[in-house]
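Colleague: I am new to this structure and would like a close look at a single part of it. Please take the salt bridges and whatever lies around them, and go through them in one connected answer.

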Amino acid sequence: MLCILNKGIHEGLILQWIDLNSFLWAIRRDPPAYLFGTIHVPYTRVWDFIPENSKAAFQASSSVYFELDLTDPYTISGLASCQLLPHGENLQDVLPQDLYHRLKRHLEYVKLMLPHWMTPDQRGKGLYADYLFNAIAGNWERKRPVWVMLMVNSLTETDIRSRGVPVLDLYLAQEAEKMRKRTGAVERVEEQCHPLNGLNFSQVLFALNQTLLQHESLRAGSLQAPYTTEDLIKHYNCGDLNAVIFNHDTSQLPNFINTTLPPHEQVTAQEIDSYFRQELIYKRNERMGKRVMTLLRENTDKSFFFAFGAGRV
């Protein structure tokens, strides 16, 4: 998140937005440090639109840091294990029967549609629908409901068609490793996992139900998604910092607040939204900002490139 260095400004760091069509900031120091806003979509959709000064800053920096190190097998296994229910529990055991069967029907629909959603390019690279479904939704009956909610939110035609190409963050990490740059992360897996696992059960059931209702309505043609991944990519490529679209980054949490909910459900939606803002934005930004400051203070002779999500508060 690009607001993470607000605290740093007050402590003597000065951020300067250095290009009107990019998400690059320079931190005034010698050697320089940069803060670059990424987006969780295939890098091929945005790379040609990223200005040369951003690419040059990446090339010139000796150290490249991300939110999490997605090239680290321990990070990947940690993310997977934190999503699982306690040993011996299955989703069917914890969800209300009606909600469980709706979820199962929706996933059967996705599996049926997947071959039609995939692109010729994906098939040409040897991606098969069954493999792709299992890679995204395999073992879903063992996952905690909150992670199943996020999984359902990513099982759309647009997102399926983007699979098989590294997202921008991962592409930068892979390139940094090829260039033998020093790489690292400012977050630990549990710091991303625990807030999501911290929702109470009634809130999780509400969130999963609302997510399913949205996708069922999209399937029925009675609802059109107000913001799509395509919208997000367009605004990112235009360098549109102030676009409301960035509050609805499709790789993040769905938005549950709408005026059609009954009053008591609006309260629940607001509580969930406030909880996520506090845990996944405000507290997280402050923690990440402090770690950025520590890295800069402890490595005064090194140049840095910090690549964090461009989604705004």
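Modeller: A residue is called buried when its relative accessible area is under 20%, exposed when it is over 50%, and partly exposed in between. The model is a predicted one. In total it has 16 salt bridges, and the part to look at here is the group around arginine 284.

Arginine 284 forms a salt bridge with glutamate 67, with 2.6 Å from N to O. The two residues come from distant parts of the chain: arginine 284 belongs to helix H14 (residues 263-298), while glutamate 67 sits in the loop between strand S4 (63-66) and helix H3 (73-82), and 217 residues separate them. Arginine 284 counts as buried because its relative accessibility is 8%. Glutamate 67 has a relative accessible area of 15%, so it is buried too.

Arginine 284 also has a salt bridge to glutamate 187, at 2.8 Å from N to O. Glutamate 187 is in the loop between strand S5 (182-185) and helix H11 (189-197) and arginine 284 is in H14, so this pair ties together parts that lie 97 residues apart in sequence. Both arginine 284 and glutamate 187 are buried.

A further salt bridge joins glutamate 190 and arginine 188, with an N to O distance of 3.3 Å. Here the accessibility is of another class. Glutamate 190 is partly exposed, because its relative accessibility of 34% falls between the two cut-offs. Arginine 188, with 45%, is partly exposed as well. Through shared partners, salt bridges join Glu67, Glu187, Arg188, Glu190, Glu191, Arg284, Arg287 and Arg291 into one network.

The strands named above can now be added to the picture. The loop that holds glutamate 67 has S4 on one side and H3 on the other. Within S4, Ser63 and Tyr65 point one way, Val64 and Phe66 point the other way, and all of them are buried. S4 pairs with S5 in the parallel sense, over four bridges. In that pairing, tyrosine 65 has glycine 184 of S5 as its bridge partner. S4 also runs parallel to strand S6 (residues 304-309), and four bridges join the two. There, valine 64 stands opposite phenylalanine 305 of S6.

To put the parts together: S4 and S5 are parallel partners, glutamate 67 is in the loop between S4 and H3, and glutamate 187 is in the loop between S5 and H11. Arginine 284 of H14 has a salt bridge to glutamate 67 and another to glutamate 187.

How values were computed. Residues numbered from 1 in each chain as written. Predicted model: local features only at pLDDT ≥ 70, side-chain atom pairs only at ≥ 80, totals over all residues. Heavy atoms only, no water. Salt bridge = Lys/Arg side-chain N within 4 Å of Asp/Glu carboxyl O. Buried < 20%, exposed > 50% of the residue type's maximum accessible area, 1.4 Å probe, protein only. Pairing = 2+ DSSP bridges.
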